[in-house]
Amino acid sequence: MKPFNPLTRRQFIATGAAIAGNLVMPAIALASTSSTLIKKAIPKSGEDLAVIGMGTSRTFEGSNDPQSISTLKQVTQAFFDLGGGMIDSSPMYGSAQQILGRILPQISHNKTLFAATKVWIDGQQNGIDQMEQSRKLWGIQRFDLMQIHNLVDWETHLQTLQQMKAEGRIRYIGITTSHGRFHDDLQSILRKHDFDFLQLSYNIAEREVEQSLLSIAAEKGIAVIVNRPYQRGSLFSKVKGKALPDFAQEFDCTSWGQFFLKFVVSHPAVNCAIPATSKVHHMQDNMQAGRGRLPDPKQREQMIRYVEAL
Ligand SMILES: NC(=O)c1ccc[n+]([C@@H]2O[C@H](COP(=O)([O-])OP(=O)(O)OC[C@H]3O[C@@H](n4cnc5c(N)ncnc54)[C@H](OP(=O)(O)O)[C@@H]3O)[C@@H](O)[C@H]2O)c1
């Protein structure tokens, strides 16, 4: 496993994101202005993806009442208006896929939708049926990305997904985890099998994957989606009432949300983060993290030290 080669600050700013050794070049260099949307290329295809996506766990699992639907519609509209692409869901998330299916046809400018869901069941035919049910719930022709959720019956589903991809019924294959106990298994799976995407938990307070799964992903050209970038929201409790450091303005960061997201997506192996929110102003905040400059390696170290000292 090759370690990441740290970039100098000058190199980092010049290229827009870290490209070290075998790491993927982001398709769009970072902005010289604070308003440019940051995208990174999916290693296996070169397709650009905005670095901030949207999760749907819990936030989209609410009731089907008109008020909740109206709010989630505004959240989703804000996501697309501000340049969003990837929406991540799962059959595990209660009514989330059903609610997405209600909302998406009512949203304008959703041509950038990059639809990602998961298969989360044992058995080949059950998996096929579940994926078809998800497709119907979303009301889309096909998913861009189908992921095996938390490694559930992964050998069975991988065969199905390879066939679906060969037939053009999905575009990318992924596998996910949010549990440290799966990390060893996942490492050996990724070494032996071909995946386009890996989804895992990573945030400024939990960085163990940097030495393991993120290195493998970089080595094998696997795109990385980061779930729980806010540690399910608990990072905000840690910084409650604390001021942002002055150096945050050096990478166009004006809130703690942006601070946490910019930390995650500035890792060279990470393609995008998928924070979940039920509030329009939080969505606006999250999407702002995907604009302007990202912290360079030295600033990332500074960010860690600052948060650890709080
Ligand atoms: N194994 C897997 O495949 C797996 C596991 C876990 C998660 N996921 C995916 O990853 C997504 C993200 O993870 P997560 O939802 O568990 O946790 P998260 O995104 O780390 O945190 C969500 C929490 O942060 C709050 N929040 C969002 N934006 C904010 C902002 N700008 N300022 C302050 N608070 C903010 C939200 O509350 P508000 O509603 O009040 O904004 C919510 O309580 C999930 O939705 C899911 O799609 C996948």
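Select strand 6 (residues 143-148), helix 5 (residues 154-166) and strand 7 in this predicted model. Together, these three elements form a right-handed β-α-β unit. Strand 6 and strand 7 run parallel and are joined by 5 bridges. To locate one of these pairings, display Leu145, whose bridge partner in strand 7 is Tyr172.

Before leaving this unit, move to the loop between strand 6 and helix 5, where Asn150 lies. Although Asn150 is not a glycine, its phi is positive, at about 50°. Most residues other than glycine have a negative phi. With 18 other C-beta atoms within 10 Å, Asn150 is partly exposed.

Next, keep strand 7 (residues 170-176) selected and show its surroundings. Of its 7 residues, 6 are buried, so strand 7 is largely enclosed by the rest of the structure. Now add helix 6 and strand 8, which complete a right-handed β-α-β unit with strand 7. Strand 7 and strand 8 run parallel, with 3 bridges joining them. Thr176 and Gln199 of strand 8 stand opposite each other.

From here, proceed to helix 7 (residues 213-220) and colour its buried residues: Leu213, Leu214, Ile216, Ala217 and Ala218. An α-helix has 3.6 residues a turn, so residues three or four places apart point the same way. What covers the buried residues of helix 7? The cover includes helix 6 (183-192), strand 8 (197-201) and strand 9 (223-227). Just after helix 7, select Gly221, which takes a positive phi of about 65°.

Follow the chain to the loop between strand 9 and helix 8 (234-239), the place of Arg232. Arg232 is not a glycine, yet its phi is positive, at about 60°. Arg232 has 14 other C-beta atoms within 10 Å and is partly exposed.

The interior is the next stop. In soluble globular proteins, nonpolar side chains tend to be buried together. The largest nonpolar core here has 80 residues, of which Val224 and Cys272 touch the most other members. Helix 9 (residues 256-265) gives the most to this core, with 7 residues. Centre the view on Cys272 and leave aside its neighbours within four places in sequence: the residues in contact with Cys272 are then Leu49, Ala50, Val51, Ile52, Gly53, Met86, Ile225 and Val265.

Now display the ligand and its shell. Which residues are closest to the ligand? Among the 30 residues that surround the ligand, the closest are Gly55, Ser57, Asn227, Gly257 and Ala276. Colouring the shell by class shows 6 nonpolar, 18 polar and 6 charged residues. Select helix 10 (residues 280-288) as well, since this element gives the most to the shell, with 3 residues.

Finally, restore the whole protein. Its secondary structure comes to 11 helices and 10 strands. Buried residues make up 46% of the 310 residues. Among contacts with a separation of 6 or more, 76% join residues 24 or more positions apart.

Terms used: Residues numbered from 1 in each chain as written. Predicted model: local features only at pLDDT ≥ 70, side-chain atom pairs only at ≥ 80, totals over all residues. Near = placed C-beta within 6 Å. Helix = DSSP H or I, 4+ residues; strand = E, 2+ residues; numbered from the N terminus. Nonpolar A, V, L, I, M, F, W, Y, C, P; charged D, E, K, R; others polar. Core = buried A, V, L, I, M, F, W, Y, C linked by C-beta atoms within 7 Å. Buried ≥ 20, exposed ≤ 12 C-beta atoms within 10 Å, placed from the backbone. Contact = placed C-beta atoms within 7 Å. Pairing = 2+ DSSP bridges. Right-handed = clockwise from strand over helix to strand, strands pointing away.
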